[in-house]
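Here are some short exercises to help you find your way around a new structure. Have a go at each task before you read its worked solution.

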Amino acid sequence: MDHAAKASSDHEAAAKTATDGPAGTPEQVLAALHASRDGLSGDEAARRLQRDGPNALPQPHDNLLLKLLHYFWGPIPWMIEAAALLSALVRHWPDFGIIVALLLFNAAVGFWQEYKAASALDALKQQLALRCRALRDGRWAELDPAALVVGDIVRVRLGDIVPADVHLLDGESLSVDQSALTGESLPVERDAGQTIYSGSIVKQGEMVGVVYATGVRTYLGRTAELVNKAGAVSHFQKAVLAIGDYLIYVSLGLVVLLVLVELQRGLPWIELLQFALILTVASIPVAMPAVLSVTMALGALALSKDKAIVARLESIEEMAAVDVLCSDKTGTLTQNRLSLGEPLLLAAADAATLTLHAALASRADNGDAIDGAVYAAQQQLPAGWSEEHFKPFDPVGKRAEGSWRAPDGSGWTCSKGAPQVMLELVGADAALRARAQAWIDQQAARGLRTLGVASRRDDAGWQLDGVLALLDPPRADSAQTITEARAHGLAVKMVTGDNVAIAREIGARLGIGRNIVAADTVFGAGTGADAALAARVVAADGFAQVFPEHKYAIVKALQDAGHRVAMTGDGVNDAPALKQADVGIAVSGATDAARAAAALILTAPGLSTIVKAVEEARRIFERMNSYAVYRITETIRIMIFVVLAMLFYNFYPITAVMIILLAFFNDVPIMTIAYDRTAVDPAPVRWDMRRVLTVSTVMGVTGTAGSFLMLYLALDWLHLPIAKVQTYIFLKMAVAGHLTLFVSRTRGAYWRRPYPAPVMIWSAVLTKVAATLLCAWGLGLVAPIGWGDIALVWGYSIVWSVLTDLAKRAVYRHFEHSAPRHRRFIELLRHRVVGAGR
């Protein structure tokens, strides 16, 4: 058959089966898709990819021109455009040129900020890309799901998000959650000969199948997305945007008052309206959404460089507020580099037989750490063994199982798993249980994990072959990282499926504490009222013998006690706990389902990655917080001063052109706030609207008083003409505006560490120099003043910035003294955790 005919028939087969799936025997299905059980060759896959396109929905491409034009349409652009039109009507051409320049500048800044945020999010999405396993050129390989084509042989297993529509061929039956696709609330069972759809989640089992539909031809037409839209808004953003709305109403109210009074005084209405429009534009925090988006997106990009990928931007706020971290032991606190120690031999004749039976219940190529340790000891299976059936590890049943045909024709079924599960499987008597438990306890005291191995021949009963010792030493940096976490007000609780003795040994070594309790003793039947349960969970240093449902209960109890909780997880059954947690963290190597449920996805093992992520989240939070303080302060400082000065003195204290120039000079440093250096708060940080409004109001009123005093000095002490008075006020507002940005970015003295980022300093220096030269030369835009006058304004502005800083620090001290309960709580938590670790 030629390629054209083959392509046509493949298309028809894919189209026909896109909804119901292919019909017929496995061989008939493979023949219809021009595929085989050996998979496709790389060349054939490339041809099909070229023909059908990638296994993804076509992404809509934004029209850059339309996106740019969007910045000229809306309430704020309309105000600026109306001001420009009024300038043209009265033939104020310099004003017209500068107003048009402001309009273009605002559009360019908005476009650039959105581009930066979108670029950062695109980079995050690329790092969050799923992977799938396909048989290419006779070998299993990990691929980008977009590279899958019709006819590919794929393997899906517990925790995978199905990458395409697949017809199942061989293997253990699957339990599949397709509620997001079909609305079915319970998982459905799928066997060989049935289909599973793209985007569904494998809850149990492992099977091999053939892809029969990709991209837009799948049941839903797309694979699951891990990253939410960039437009998602956090509680913090909503609060700041609410402040913006409030400032808009205040600004409009003051402008209306000004217009009514000045019209009554006889000012020309066109000139007054133009001034009012420009004043409103300068006072409204136009750039607030863009600045917040860029700050969050660039902060998330910085987190990704520390191997922590933010799946939802709004989770950064929650991450900054986390005060309890529930951490997995294996791979996070320990190295997850397992090796086999000296085993306990029971029914097995020797250690080699025990290891062989463990290998028969393992898979060498599935990336599991325990299976890897078993095969590292076994190297390879003896010749003549053939696999008949494999049941992968089930996190609920806590064991894996393989069925094999031995070289002599006998049938063997081998299983490995948690020792307590294996003891139940073989129906161990009291003597066997006592012997096994005593040995397990000895290993646990040394911090070693254990793995039970059982087998049966043909139809005989199960026998316990022995117990393997697994060495998984703590990570070298875990103890130091836990100490650093406590210094940041972050309590660390260990959560592990291992037994209590192992958990206590590891907890003691790392300084977490020895108060490790078995999860079923806390969450079992009759464990007490909610308040008592929450108290027990808070008091514990960690939990052992944990099942996935326990993780959810731990998170809920801690939240009921008033904590913000981060929970780590890696399996499909961890998803409910990851969703319930304030910050769900998918650890390195987590399943697709866990990654989809998590807010933070780690690409490197270890607790230090999580602690670094919390630190960076607090820095991002502080940047946004300082911007909110600055923006409110500036609105109060400009709007209230200008309106009151006009009402009291009956002249423009600053011209419309000067207001526009101020907007230019102030916007440039603001754009750099996303790169600012900030201190890491020693305690979890949460949004405090009352404090932000109080600090901003005090700083704004202090700045307004400084402007009025400058106006008094220029008019009544220096007796300057109105034009030069306006230049004085313009230069004072330009210099003081940038100094206000530096004052608002820290709670201590603004000239102390942490110093601003170089890009912020240089942007402020260059714009201040530009404003100073403009006031010296005039350039037809302002009345020029002498260098002595300029030095006076600069000195005055610096002195007043120090007074503003003193007022700011006084407000912060007031809050620290009047509301100490939060600090007392953190100190109590820190002392209790440190005491438990001794």
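**Exercise 1. Two phenylalanines and their rings**

Decide whether phenylalanine 523 and phenylalanine 543 are buried or exposed, and then work out what kind of aromatic pair they form.

Solution. Keep in mind throughout that this is a predicted model.
- Step 1: Phenylalanine 523 is buried, and phenylalanine 543 is buried too.
- Step 2: Their ring centres lie 6.4 Å apart, and the angle between the planes is 40°.
- Step 3: Rings count as a pair if their centres lie within 6.5 Å, and planes neither under 30 degrees nor over 60 degrees apart are called tilted, so this pair is tilted.
- Step 4: Now place the partners: phenylalanine 523 belongs to helix α18 (residues 519-523) and phenylalanine 543 to strand β21 (residues 542-544), with their positions 20 residues apart in the chain.

**Exercise 2. A pair between two helices**

Classify the ring pair of phenylalanine 641 and phenylalanine 708, and say which helices it links.

Solution.
- Step 1: The ring centres are 5.0 Å apart, with the planes at 75°.
- Step 2: An angle over 60 degrees counts as edge-to-face, so that is the name for this pair.
- Step 3: Phenylalanine 641 sits in helix α23 and phenylalanine 708 in helix α25, so the pair links parts of the chain that are 67 residues apart.
- Step 4: Phenylalanine 641 has a relative accessible area of 0%, which means that this residue is buried.
- Step 5: By the pairing rule, the count of aromatic pairs comes to six.

**Exercise 3. A nonpolar patch on the surface**

Find the residues of the nonpolar patch and the elements they come from.

Solution.
- Step 1: Look on the surface for Leu644, Phe648, Tyr649, Leu709 and Tyr712, which together have about 480 Å² of accessible area.
- Step 2: Two elements, α23 (607-649) and α25 (689-717), each give two or more residues to the patch.
- Step 3: Helix α23 provides the largest share, with three residues.
- Step 4: For a member in helix α25, take leucine 709. Leucine 709 has a relative accessible area of 33%, so this residue is partly exposed.

**Exercise 4. One helix and its surroundings**

Is helix α26 largely enclosed by the rest of the structure or not, and how far does it reach?

Solution.
- Step 1: Helix α26 covers residues 722-744, 23 residues in number.
- Step 2: From first C-alpha to last, it reaches 32 Å, close to the 33 Å expected at 1.5 Å a residue.
- Step 3: Of its 23 residues, 20 are buried, so α26 is largely enclosed.

**Exercise 5. Unusual backbone spots**

Locate one cis peptide bond and two residues with a positive phi.

Solution.
- Step 1: Start with the general rule: most residues other than glycine have a negative phi, and most peptide bonds are trans.
- Step 2: The bond from arginine 753 to proline 754 is cis, with omega near 0°. Proline 754 lies in the loop between α26 and α27 (758-777).
- Step 3: Aspartate 458 has a phi near 50°, and its loop runs between β17 (449-457) and β18 (463-471). Aspartate 458 is partly exposed, at 43% relative accessible area.
- Step 4: Histidine 719 also has a positive phi, about 50°, and is placed in the loop between α25 and α26. With a relative accessible area of 60%, histidine 719 is exposed.

Key:
Residues numbered from 1 in each chain as written. Predicted model: local features only at pLDDT ≥ 70, side-chain atom pairs only at ≥ 80, totals over all residues. Heavy atoms only, no water. Patch = residues over 30% accessible without salt bridge, like charges linked within 9 Å, V, L, I, M, F, W, Y side chains within 5 Å. Areas by Shrake-Rupley, 256 points an atom, 1.4 Å probe, with all protein chains shown as cover. Salt bridge = Lys/Arg side-chain N within 4 Å of Asp/Glu carboxyl O. Helix = DSSP H or I, 4+ residues; strand = E, 2+ residues; numbered from the N terminus. Buried < 20%, exposed > 50% of the residue type's maximum accessible area, 1.4 Å probe, protein only. Expected span 1.5 Å × (residues − 1).
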